[in-house]
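Trainee: I would like a close look at a single part of this model, followed outward into whatever surrounds it. Please take your time over the answer.

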Amino acid sequence: MLAPSKQKIYTLDEYRELEETAEFRNEYRDGEIVQMTGGTINHSRIIRNLSRVLGNLLEENSYELFHNDLRLWIPRYRRGTYPDVMVIAGEPIFNDGRKDEILNPMLIVEVLSKSTKNFDREDKFRFYRSLPEFREYVLVSQYEFLVEQYIKTESTEWLFREYEGESAIVSFASVEVQMSMSEIYAKVVFETDETELPQ
């Protein structure tokens, strides 16, 4: 019987160096490098809609929106990940003086996929909660008109709110703006057997 091969452990610097030239984006999980799954056209449409409309709504304020090509570093759990959408209040705080790794999102939006929805709702949310500035987590289904929202209160409790149906209006509490479901889901065509493809 063959012994299982030992998984290579990467330092953060090794990961960063590999990520600079990688063909696909990868997450860093405390020494392990994990290739991110590819998205669907609906996943891309929702990110585009959020980035465009939410970005425009925040233009006059002291907030800045970034989408999934900027890495978030989570110090407590030694994780590097790429949220679908992040909003920062004021200036970004960079990890180790880098320009590709930030520490201080107040709002994070993830578009749920079949392969990652449980991780996004549970472990990833726990990791995000360790960030001091983090105040709001929004999960958007790509298979139906459904948005789940967690808002951090002054007493550091997390309140849950759910929006369902095409006519619902989503209130982003941390940045005090709203988006309609029709804006979030513009050009999205729901399919029952949509396949996720590598990026």
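Trainee: Which residue in strand 5 is the bridge partner of Leu72?

Mentor: The model is a predicted one, and in it the bridge partner of Leu72 is Thr81, in strand 5. This pairing belongs to the contact between strand 4 (residues 71-74) and strand 5, which run antiparallel and are joined by three bridges. Both strands sit within an open sheet of five strands, whose order is 2-1-5-4-7 and whose pairing is mixed. At the edges of that sheet are strand 2 and strand 7 (101-102), each of which pairs on one side only. Helix 1 (residues 12-21) lies across strand 1, strand 2, strand 4, strand 5 and strand 7, and its direction is at about 180° to that of strand 1.

Thr81 also leads into the interior, for it is one of the residues that line the largest cavity, together with Glu27, Tyr28, Arg29, Ile74, Arg79, Gly80, Phe119, Lys124, Phe127 and Tyr128. The structure holds one cavity of 30 Å³ or more, and the volume of the largest cavity is about 60 Å³. Strand 1 (26-29), strand 5 (79-81) and helix 4 (123-129) are the elements that give two or more residues to the lining of this cavity. Sorted by class, that lining has five nonpolar, two polar and four charged residues.

Glu27 and Lys124, which are among the residues lining the cavity, appear again in the largest pocket, where about 330 Å³ of space lies. Of the 24 residues that line this pocket, Glu27, Met36, Thr37, Thr116 and Lys124 are the closest to its centre. The elements that give two or more residues to the pocket lining are strand 1, strand 2 (32-35), strand 8 and helix 3 (117-121). By class, the lining of the pocket has five nonpolar, 11 polar and eight charged residues.

Strand 8 takes us from the pocket to another open sheet, this one of six strands in the order 3-6-8-9-10-11, again with mixed pairing. Its edge strands are strand 3 (63-67) and strand 11 (158-164), each of which pairs on one side only, and from one strand to the next the twist averages 15°. Helix 2 (residues 41-57) lies across strand 3, strand 6 (85-89), strand 8 (105-112) and strand 9 (136-141), and runs at about 165° to strand 3.

Towards the other edge of this sheet, strand 10 (residues 146-152) and strand 11 run antiparallel, joined by seven bridges. Leu146 has Glu164 as its bridge partner in strand 11, while Gln149 stands opposite Arg161 in that strand. The hairpin made by strand 10 and strand 11 has five residues between the strands, and in this hairpin Thr156 takes a positive phi near 60°.

A last feature returns us to helix 4, which helps to line the cavity. A search of the whole structure finds 16 aromatic pairs, including that of Phe125 and Tyr150, whose ring centres are 4.8 Å apart and whose planes stand at 40°, so the pair is tilted. Because Phe125 lies in helix 4 and Tyr150 in strand 10, this pair ties together parts that are 25 residues apart in sequence.

Key: Residues are numbered from 1 along each chain as its sequence is written. This is a predicted model: local features need pLDDT of at least 70, side-chain atom pairs count only at pLDDT 80 or more; totals for chains, interfaces and linings use all residues. Side-chain values use heavy atoms; hydrogens and water are left out. Two strands pair if DSSP finds at least two bridges between them. Helices (H or I, at least four residues) and strands (E, at least two) are DSSP runs, numbered from the N terminus. Axes are lines fitted to C-alpha atoms, for helices over the stretch in contact, and angles run from 0 to 180 degrees between N-to-C directions. Contact means heavy atoms within 4.5 Å. On a 1 Å grid over the protein atoms alone, a cavity is a set of points where a 1.4 Å probe fits but cannot get out, and a pocket is an open set with protein on both sides within 12 Å along at least five of seven lines; lining residues have an atom within 4 Å of a point. Grid points are joined across faces, edges and corners, and a volume is the space filled by probe spheres set on the points. Ala, Val, Leu, Ile, Met, Phe, Trp, Tyr, Cys and Pro count as nonpolar, Asp, Glu, Lys and Arg as charged, and the others, Gly among them, as polar. Rings of Phe, Tyr and Trp (its six-membered ring) pair if their centres lie within 6.5 Å; planes under 30 degrees apart count as stacked, over 60 as edge-to-face and the rest as tilted.
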